[in-house]
Amino acid sequence: MRLVHRFGIVFLVVVLIAGAVLVVTFDAHRTDVEEQANTSVADRAALSASILDDRLEEQRRTVAVGGINPDLAAHGADRQGEALERFVESTAFDGASVVDEDGRVQSFETTSSGFESEAIIGDDFSDRTYVQRGLAGEQHVSDPFGAQTGNTVVVISAPVVVDGEIVGSLNGAAQLEETGLFDILDGDDGREAVTVATETETLYTTADRFDETVAHSADLETVDWTVTAHRDRAAIDARINRLAVFQAVSGFALLGSIIVFGGWVYRSKIRRIGQFADCVRALERREYDAGPSFEGATEWRRIDDALERLGTALARREQMLLVLNRILRHNLRNSLNVVAGRASDLEERLDGPERESAREIRLVTGELLTLADRARMTEELLDPVGEESPRIDLAAVVHERIVQFGLSGADDAKPNLTVTVPDRAVAVCGPEIAVTIDELLANIADHAGPEPTVDVTVETDDDVVRILVADDGPGIPADEAAVITGNREISQISHTGGIGLWLVDWIVSQYDGRLLIPAADSSTAAIADGTTVVLEFARAPDSTADADAEEWT
């Protein structure tokens, strides 16, 4: 995968992860806001219920204390009315009454204007639950009901006791429409509200000013009432919206920074690396003046200068190689042809030692002409292999070259050949591989001595196809083998005597193969007991399974 594609994938992954983190963070914060609001409302409901319980308990204690006031037990006396009036003025009740042991009203006081207290004196309240419970010696908080004053009230009753004897009931009434009983429950910030309700009706609420609320309820212990705390949903949504805006701004800043940084990395690094790769590929294609120029940082300008110098050097060396090749192919070849012709004429006309000298000149000239023909291959090897690697069946190539080798040359000079190849062995290489087989066989024919034994084997494994050529001749000199395989540098002392093995190595290397001479590191003068040369190529990935190897001689 190209670096730019990897960078794009990694950059996209980073952006997606950063976006996911922002989304998860926002969702977590929003959940926190919701949970905080719910917790706050639940705490407010519990606190309001506790406050109202305390308030009612305080009112009950107030009525109970009033019940032991002897003045309130003085039925029909003026001091009873005065004591009841002081009771109403000194407490939070909006009205109060005293009934005797028979349940008849003896005294009545109210803060409601326009109501005559005398109108209710003597009325029978014995059927009312709060009176019955008071006369029974109990404290009681009544359910809300409509009083004769026209108000909805809640009555707290307690027995009136004189010398341990119940002589009546003191009843304190609190109005629910306009009362201070629930004022302590109101919130201070205008975003909270409270509702007090029984199972059947609402006693008090301030939540009607909100369209939608988050609510939580708590039950009172003193009475069968429920307190519901409310929080304005719009206020919660506004906080979430502010959080969303902050998160969006933070997200844009973060993603923007990532994008800017990614763009800078792409422009200053990734694109430059791509341009560098293009320049190197252009050099491989022998396009020495092609490719973009690098700008920007000093390091990239230095790389640009180095590539330019490298291209100039390669172009000059290729030019020198081509000139020398043309000289070898044309000028030198023409001169050698003249020498060969003259030597042949002299060989025909001379006798004795002179004729042998003319023959030697002709043979050496022929060898030089053959060498010139082989050198022409070097110019063809300058062209790089195309992007689509060629494939060839090495089993078929070996068969073909062995057959061709058997048809050439004198019968008495032919080596004893044994060939072992599979039915099919497809490798990543081109048709020039036939030249390497010819060169190896020719090298054996020239240097392995009379009637050599040669084994040619093609073998495969999962990744590699190998050609092994082994003979029982005197072997390749160790220094020459080490130079060819790259184990020793070329020098005036260490060099090779011909071009054949060099051609084999160059052709194999062109397809990323390897030339191996297993005993090339030997320190002896020559590799004893013959020579084994191995050509190794990558196996074509879609080649079919090889059949069993076939051996023939």
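This report describes aromatic contacts, one helix and the salt bridges of a predicted model.

## Aromatic pairs

A pair of aromatic rings is described by the distance of the centres and the angle of the planes. Six aromatic pairs are present in the structure. One of them joins F7 and F11, whose ring centres lie 6.1 Å apart with 20° between the planes, a stacked arrangement. Both residues belong to helix 1 (residues 3–66), where a spacing of four residues places them about one turn of the helix apart. F11 has a relative accessibility of 25% and therefore counts as partly exposed, because the partly exposed class runs between 20% and 50%.

A tilted pair is formed by F261 and W264: the ring centres are 6.1 Å apart and the planes stand at 35°. The angle explains the label, because stacked pairs need planes under 30 degrees apart and edge-to-face pairs need over 60. F261 and W264 are three residues apart in helix 4 (residues 233–284), which means a separation of about one helical turn. With a relative accessible area of 52%, F261 is exposed.

## Aromatic cluster and a charge over a ring

F7 and F11 also take part in a wider grouping, since one aromatic cluster is made up of F7, F11 and Y266.

Elsewhere, an aromatic ring is in contact with a charged residue: R128 lies over the face of F125, at 3.7 Å from the ring centre.

## Helix 8

Helix 8 comprises 15 residues, 433–447. From its first C-alpha to its last, helix 8 reaches 21 Å, close to the 21 Å expected at 1.5 Å a residue.

The buried residues of helix 8 are I433, A434, T436, I437, E439, L440, L441 and I444. D438 of helix 8 is instead partly exposed, at 28% relative accessibility.

## Salt bridges between and within elements

The structure contains 17 salt bridges. In one of them, the side chains of R86 and D71 meet at 3.8 Å, N to O. R86 belongs to helix 2 (residues 78–90) and D71 to the loop between helix 1 and helix 2, so this salt bridge ties together parts that are 15 residues apart in sequence. Both partners are partly exposed: R86 has a relative accessibility of 44%, and D71 has a relative accessible area of 22%.

R401 has two acidic partners. The salt bridge between R401 and E400 has an N to O distance of 3.6 Å, while the one between D438 and R401 has a distance of 2.9 Å. D438 lies in helix 8 and R401 in helix 7 (residues 394–407), so the contact ties together parts that are 37 residues apart in sequence. R401 is buried, with a relative accessible area of 16%, because values under 20% fall in the buried class. Its partner E400, by contrast, is partly exposed at 48%, and D438 is also partly exposed at 28%.

## Salt-bridge network

Salt bridges that share partners also join E459, D461, R466, R514 and E536 into one network.

Methods: Residues numbered from 1 in each chain as written. Predicted model: local features only at pLDDT ≥ 70, side-chain atom pairs only at ≥ 80, totals over all residues. Heavy atoms only, no water. Phe/Tyr/Trp six-rings, centres within 6.5 Å; stacked < 30°, edge-to-face > 60°. Helix = DSSP H or I, 4+ residues; strand = E, 2+ residues; numbered from the N terminus. Buried < 20%, exposed > 50% of the residue type's maximum accessible area, 1.4 Å probe, protein only. Lys NZ or Arg CZ within 6 Å of the ring centre and 35° of its normal. Expected span 1.5 Å × (residues − 1). Salt bridge = Lys/Arg side-chain N within 4 Å of Asp/Glu carboxyl O.
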